[in-house]
Amino acid sequence: KIFSLFQDNEVADQIKILRTQVLRNLEKTGGNSVLVTSANPGEGKTFTSINLGVSIALDLHRTVLLVDADLRNPAIQHYDFARDFFGLTPGKGLADYLQGKADIPEILLNPGIEKLTIIPAGCPLSDSTELLGSDRMESLVNDIKAHYADDRIIIFDGSALLLSADALLTSQYVDGVLLIVEVERTTPADLKKAKELLK
């Protein structure tokens, strides 16, 4: 699943091209954070977020914080960062922090890849929209964006745009949005709706 770890791989090469484009655009705006989202669930957001994050972390000049911000209950067609990609069983995550049940140091995990840190989603939430729009979320984002601002890239893996308001709320905190489209699955109508929402 993590193709970015391998050299001489077509998928890894495509991720490197994406990495170059994302970093170039962030440099133009002076930003260091991006939200990865899509119109619908299951279109490749998490796969792209993780592979992009690993690819950037393999760059000698960058560190990466990867945040699983898909907190809805039930999570639809969403892979768990820590468990499904890195084989970890986290105790707490972003949801626990937003509920006041954990502090930032308690939700940071090192998945065994140098210069990569992850914040897992934590327990699924029924009120994820309210918590993602809370002062506590804004405080967290401001804190992680300010630390190591010169060399750290923060990637938020959000929920689908047409599923709930969660991704729209998360988009207000970031410097760019990467919209994932799955070939022969994402319809033109859904893509148009997603782009209109992001305006």
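I will talk about one strand and the salt bridges in this structure.

This is a predicted model, in which local features need pLDDT of at least 70 and side-chain atom pairs count only at pLDDT 80 or more, while totals for chains, interfaces and linings use all residues. Residues are numbered from 1 along each chain as its sequence is written, and side-chain values use heavy atoms, with hydrogens and water left out.

Let me start with strand S5, residues 176–180, where helices (H or I, at least four residues) and strands (E, at least two) are DSSP runs numbered from the N terminus. Its side chains alternate, with Gly176, Leu178 and Ile180 pointing to one face and buried, while Val177 and Leu179 point to the other and are not; buried means under 20% relative accessible area, exposed over 50%, and partly exposed in between, with a 1.4 Å probe and protein chains only. S5 pairs with strand S1, residues 33–38, in the parallel sense over five bridges, pairing requiring at least two DSSP bridges between two strands, and Gly176 is the bridge partner of Val34.

Turning to the salt bridges, the structure holds four, each a side-chain nitrogen of Lys or Arg within 4 Å of a carboxyl oxygen of Asp or Glu. One of them joins Glu27 and Arg62 at 2.8 Å, N to O; because Glu27 lies in helix H1 and Arg62 in the loop between helix H2 and strand S2, this pair ties together parts 35 residues apart in sequence. Glu27 is exposed at 52% relative accessibility, whereas Arg62 is buried at 16%.

Another joins Lys145 and Asp175, with the closest N and O atoms 3.3 Å apart. Lys145 is in helix H7 and Asp175 in the loop between helix H8 and S5, so parts 30 residues apart in sequence are tied together.
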